[in-house]
Amino acid sequence: MALKLPKLRMRSARPEAAPPPPEPPRPPESSTVLRNATALIAVIVAGAALYWLRDIVTPLAMAIFLLIMIEGLTRWVEERFRLPGWAVAPVSLTLILLGFAGSIWVIIDGLAGIITQASSIGVRVNAIIADVAGLFEVAVPPTATDLLTRFDLASLAGQAALTTQSVFGGAFFALVYLAFLLAAKGSFRKKIVALFPLRDDRQEALQVFERMRGGVEGYLWVQTITGLMISAAAWLVMVLVGLDNALFWAFLIFLVGYIPVIGGAIAGLAPPLFALVQFDTYWQPIALLVALQTILFIVGNFIQPRMQGDNQNIDPVAVLLFLALWSALWGVAGAFLSTPIAVAIMAITAEFRGTRWIAVLLSGDGDPYPDDPEDRRLIADAKAERAARAR
């Protein structure tokens with residue numbers, strides 16, 4: 001009788017696969033939510049503080065803005081005229097004082113001319129109202145006096161006086177801040193050394209500062225050159241048409257060129273409206289309107305984009321949002337500073353991995369400040385060396 005032996009299972013010669021390593025523990029979702037909520041609350045608190053302290057912070061921001069302009073002008077004078085070191089500051093200061101004095105003279109002379117012509121404005125406005133009423137076959141058109149009686153002139157005059165006082169007060173404090181900043185400029189390097197004792201950290205901080213300053217100076221340079229082009233061409237057109245106070249209007253066009261969107265609208269509409277009141281015929285305002293719009297279109301669509309390069313690689317939607325935000329916070333000064341602030345924020349946030357997404361959203365092409373391989377290599381080497389010392 002044959003014995004039945006149980007079948008033995010032969011083990012495979014291949015070793016069994018090792019179990020996968022355990023996944024690292026994921027941070028709880030509440031930490032991400034808490035971090036985002038904290039950042040949102042911090043932004044809201046900072047915005048409220050900037051609004052409540054606008055009378056103090058706005059002149060300081062304008063002073064920093066002017067300091068950057070002065071530093072850029074000083075380097076331009078040094079590079080262009082090849083002056084000795086001791087002569088750079090006096091020449092730059094002389095140019096600044098001449099520009100400041102000339103600006104005040106142009107503003108005062110222009111306002112005096114407008115006030116002198118104010119007596120004849122009412123008569124011309126009545127004639128314009130009558131012409132418009134004739135187009136719509138209105139039998140008895142209203143007069144300028146009738147229209148003005150519908151407004152509370154005393155309240156409007158009071159608001160205008162308060163606004164003027166606020167503007168001049170802010171300008172005075174901005175100049176005071178600027179004087180102290182210029183006096184304390186020599187101690188900036190010592191403060192940077194004290195804040196960043198390690199050479200690698202200091203080099204990285206200086207790179208961030210240089211990129212921010214370069215972006216703001218590049219924006220100011222482009223706006224200044226294009227503003228001079230637009231104002232010079234506009235002055236020539238206004239002189240040919242015969243508009244009074246042409247130099248004042250050209251200077252106003254140059255100033256408002258630093259305000260995005262709104263500045264172009266003011267530059268293209270204010271002189272034609274004044275021409276509408278000055279002249280008895282309508283071809284001068286129409287010709288001036290067409291000429292100014294043509295100048296703004298050519299410079300804004302062909303010349304300015306070629307000059308901007310990477311200095312103003314900002315999304316137009318971001319420009320509008322910053323304009324609305326800072327105008328609501330700081331008024332006219334915020335409108336002037338909105339784009340430089342956007343440039344500075346994009347330059348700072350582009351340097352850090354955790355905030356680079358903000359710079360990407362603010363940029364026009366999604367690539368804020370393309371990486372410089374040499375700079376990135378130096379920063380990477382410095383970080384690697386610092387990490388090796390920490391081990």
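1. A residue counts as buried when its relative accessible area is under 20%. Gly110 has a relative accessible area of 1% and is therefore buried. The model under review is a predicted one, and this residue is a convenient point of entry to it. Gly110 is found in helix H3, which spans residues 85-116. Leaving aside residues up to four places away in sequence, Gly110 touches Asn245 and Phe248. The C-alpha atoms of Gly110 and Ala246 are separated by 8.4 Å, although the two residues are 136 residues apart along the chain.

2. As to the overall fold, the protein chain contains 15 helices and zero strands. Of its 391 residues, 28% count as buried. Among contacts with a separation of 6 or more, 67% are between residues 24 or more positions apart. The accessible surface comes to about 26100 Å², and carbon and sulfur atoms account for 71% of this area.

3. Helix H9 deserves separate mention. Eight of the eleven residues in this helix (residues 246-256) are buried, so H9 is largely enclosed by the rest of the structure. The buried positions are Ala246, Phe248, Trp249, Ala250, Phe251, Ile253, Phe254 and Val256. Their packing partners are helix H3, helix H8 (199-241) and helix H10 (262-278). Two of the buried residues of H9, Ala246 and Phe248, have already appeared in the first point: Phe248 is touched by Gly110, and the C-alpha atom of Ala246 lies 8.4 Å from that of Gly110.

4. The loops on either side of H9 each hold a residue other than glycine with a positive phi. Asn245, in the loop between H8 and H9, has phi near 55°. Val261, in the loop between H9 and H10, has phi near 65°. Is each of these residues buried or exposed? Asn245 has 18% relative accessibility and so counts as buried, whereas Val261 is exposed, with a relative accessible area of 53%. Asn245 is also one of the residues touched by Gly110.

5. Helix H11 (residues 283-308) has 26 residues and reaches 36 Å from its first C-alpha to its last, close to the 38 Å expected at 1.5 Å a residue. The helix nevertheless contains a kink of about 35°, centred on Gly300. Its buried residues include Leu288, Leu292, Ile295, Leu296 and Val299, together with Gln284, Gln304 and Gln308. The buried residues of H11 pack against H8 and H10, two helices against which the buried residues of H9 also pack.

6. A search of the whole structure finds three salt bridges. In one of them, Glu71 pairs with Lys185, the closest N and O atoms being 2.9 Å apart. Glu71 lies in helix H2 (residues 54-81) and Lys185 in the loop between helix H6 (153-183) and helix H7 (188-195), so the pair ties together parts that are 114 residues apart in sequence. Glu71 is buried, with a relative accessible area of 18%, while Lys185 is partly exposed at 37% relative accessibility.

7. Another salt bridge joins Arg75 and Glu217, whose closest N and O atoms are 2.1 Å apart. Because Arg75 lies in helix H2 and Glu217 in helix H8, this pair ties together parts that are 142 residues apart in sequence. Arg75 counts as partly exposed at 24% relative accessibility, whereas Glu217 is buried, with a relative accessible area of 18%.

8. The side chains of Glu210 and Arg213 also meet in a salt bridge, with an N to O distance of 2.8 Å. Both belong to helix H8 and are three residues apart, so about one helical turn separates them. Glu210 is partly exposed, with a relative accessible area of 40%.

9. On the surface, Trp105, Trp235, Leu236, Val239, Leu240 and Leu247 form a nonpolar patch with about 640 Å² of accessible area together. Which helix gives the most to this patch? H8 does, with four residues. Leu240 lies in helix H8 and, at 68% relative accessibility, counts as exposed. Helix H8 thus recurs through this note: H8 gives the most to the patch, holds Glu217 of the bridge to Arg75, and packs against buried residues of H9 and of H11.

Terms used: Residues are numbered from 1 along each chain as its sequence is written. This is a predicted model: local features need pLDDT of at least 70, side-chain atom pairs count only at pLDDT 80 or more; totals for chains, interfaces and linings use all residues. Side-chain values use heavy atoms; hydrogens and water are left out. Buried means under 20% relative accessible area, exposed over 50%, partly exposed in between (1.4 Å probe, protein chains only). Contact means heavy atoms within 4.5 Å. Accessible areas come from the Shrake-Rupley method with a 1.4 Å probe; for residues, only the protein chains shown count as cover. The expected span of a helix is 1.5 Å times one less than its number of residues. The bend at a residue is the angle between axes fitted to the seven residues ending there and the seven starting there. Patches are made of residues with over 30% relative accessible area and no salt bridge: like charges are joined within 9 Å, nonpolar side chains (Val, Leu, Ile, Met, Phe, Trp, Tyr) within 5 Å. A salt bridge is a side-chain nitrogen of Lys or Arg within 4 Å of a carboxyl oxygen of Asp or Glu.
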